[in-house]
Amino acid sequence: MTKAYPFEPEEAPPEYRGIPRIDPVLCIGCGACANACPPNAILRIDDPENGTRRIVLDVGRCIRCARCEEVCPTGAVRLTAEFEAATDDRNDHVEIVELRLARCRGCGKYTCYTERQVEKVLSLIPRGILDFDRVREKLPLCSECKLKLTVLNATKFGEVEP
């Protein structure tokens with residue numbers, strides 16, 4: 001049977017691994033997808049001067065292994081059924097999600113976490129089991145401030161208030 005393709009769209013089989021897409025609303029910018037991507041089709045690029053993190057997906061480098069989809073904690077990365085990647089413009093193969101880095105509560109510098117990562121972690125903390133306000137107070141700290149706080153708390157260990 002002769003098909004009308006490419007004049008009419010052709011559907012891919014249901015198990016087909018097509019072009020990945022990142023949902024910018026669901027992405028928290030954790031970079032798990034970038035860490036799991038064998039051909040480095042997904043990159044996590046931090047700009048601490050401007051307080052931004054960019055998740056950059058280059059579909060032209062993707063081998064459709066679906067590791068990004070497997071490791072994404074929010075379901076933001078999904079392989080589609082799209083298989084046509086031909087284009088005249090190389091920029092059509094690049095998808096960028098830009099997120100704000102969280103500021104350290106101690107010194108005000110940008111941390112290595114995005115604001116959405118902090119929100120996600122706070123949403124996962126079960127109320128009533130942990131001191132939520134104390135965790136929220138400490139969560140967005142840069143590594144230097146975490147170290148200072150750890151040392152400060154270690155020196156207070158065992159002290160009894162009069």
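The legends below describe close-up views of a predicted model. In this model, local features need pLDDT of at least 70 and side-chain atom pairs count only at pLDDT 80 or more, while totals for chains, interfaces and linings use all residues. Residues are numbered from 1 along each chain as its sequence is written, and side-chain values use heavy atoms, with hydrogens and water left out.

**View 1. The largest nonpolar core, with 20 residues.** A nonpolar core is a set of buried Ala, Val, Leu, Ile, Met, Phe, Trp, Tyr and Cys residues joined through side-chain atoms within 4.5 Å. Buried means under 20% relative accessible area, exposed over 50%, and partly exposed in between (1.4 Å probe, protein chains only). Ile 22, Cys 27, Ile 42 and Ile 55 have the most contacts inside this core. At least two core residues come from each of helix H1 (32-36), strand E3 (52-58), strand E4 (77-79) and strand E5 (94-103). Helices (H or I, at least four residues) and strands (E, at least two) are DSSP runs, numbered from the N terminus. Another core, of five residues, lies apart from the 20-residue one and has Ala 102, Val 118, Leu 122 and Phe 132 among its members.

**View 2. Surroundings of Ile 22.** Contact means heavy atoms within 4.5 Å. With residues up to four places away in sequence not counted, Ile 22 touches Cys 27, Ile 55, Leu 57, Ala 76, Val 77, Glu 95 and Val 97.

**View 3. Buried and exposed faces of helix H3 (residues 115-124).** Gln 117, Val 118 and Leu 122 are the buried residues of H3. These residues lie on the same side of H3 because they cover an arc of only 135° around the axis. The arc is that of the directions from the helix axis to the C-beta atoms. Glu 119, Ser 123 and Leu 124 are exposed on the face turned away from the buried side. The packing partners of the buried H3 residues are E3, E5, strand E6 (110-114) and helix H4 (132-138).

**View 4. Contacts of Gln 117 in helix H3.** Gln 117 has a relative accessible area of 14% and is therefore buried. Leaving aside neighbours within four places in sequence, Gln 117 is in contact with Ile 28, Gly 29, Cys 30, Arg 53 and Cys 112. Ile 28 and Gln 117 are 89 residues apart in sequence, and their C-alpha atoms are 5.3 Å apart in space.

**View 5. Salt bridge between Arg 21 and Glu 95.** A salt bridge is a side-chain nitrogen of Lys or Arg within 4 Å of a carboxyl oxygen of Asp or Glu. A search of the whole structure finds six of them. For Arg 21 and Glu 95 the N to O distance is 3.7 Å. This pair links distant parts of the chain, with Arg 21 in strand E1 (residues 20-22) and Glu 95 in strand E5, 74 residues apart. Arg 21 is partly exposed at 30% relative accessible area, whereas Glu 95 is buried at 16%. Both residues belong to a network of salt bridges with Glu 82.

**View 6. Salt bridges Arg 53 to Asp 46 and Lys 3 to Glu 10.** The side chains of Arg 53 and Asp 46 meet at 2.5 Å, N to O. Arg 53 counts as buried at 1% relative accessibility, and Asp 46 is partly exposed at 33%. In the bridge between Lys 3 and Glu 10, the closest N and O atoms are 3.0 Å apart. Lys 3 is exposed at 53% relative accessibility, while Glu 10 is partly exposed at 29%.

**View 7. Nonpolar surface patch and cis peptide bond at Tyr 5.** Tyr 5, Tyr 16 and Phe 83 make a nonpolar surface patch of about 260 Å². Patches are made of residues with over 30% relative accessible area and no salt bridge; like charges are joined within 9 Å, and nonpolar side chains (Val, Leu, Ile, Met, Phe, Trp, Tyr) within 5 Å. Accessible areas come from the Shrake-Rupley method with a 1.4 Å probe; for residues, only the protein chains shown count as cover. Tyr 16 lies in the segment before E1 and is partly exposed at 35% relative accessibility. Tyr 5 is joined to Pro 6 by a cis peptide bond, with omega about 10°.

**View 8. Positive phi values at Arg 64 and Ala 66.** Arg 64 is in the loop between E3 and helix H2 (67-71). Phi of Arg 64 is near 60°, and the residue is buried at 18% relative accessible area. Ala 66 is found in the loop between E3 and H2, with phi near 75°, and is buried at 8% relative accessible area.
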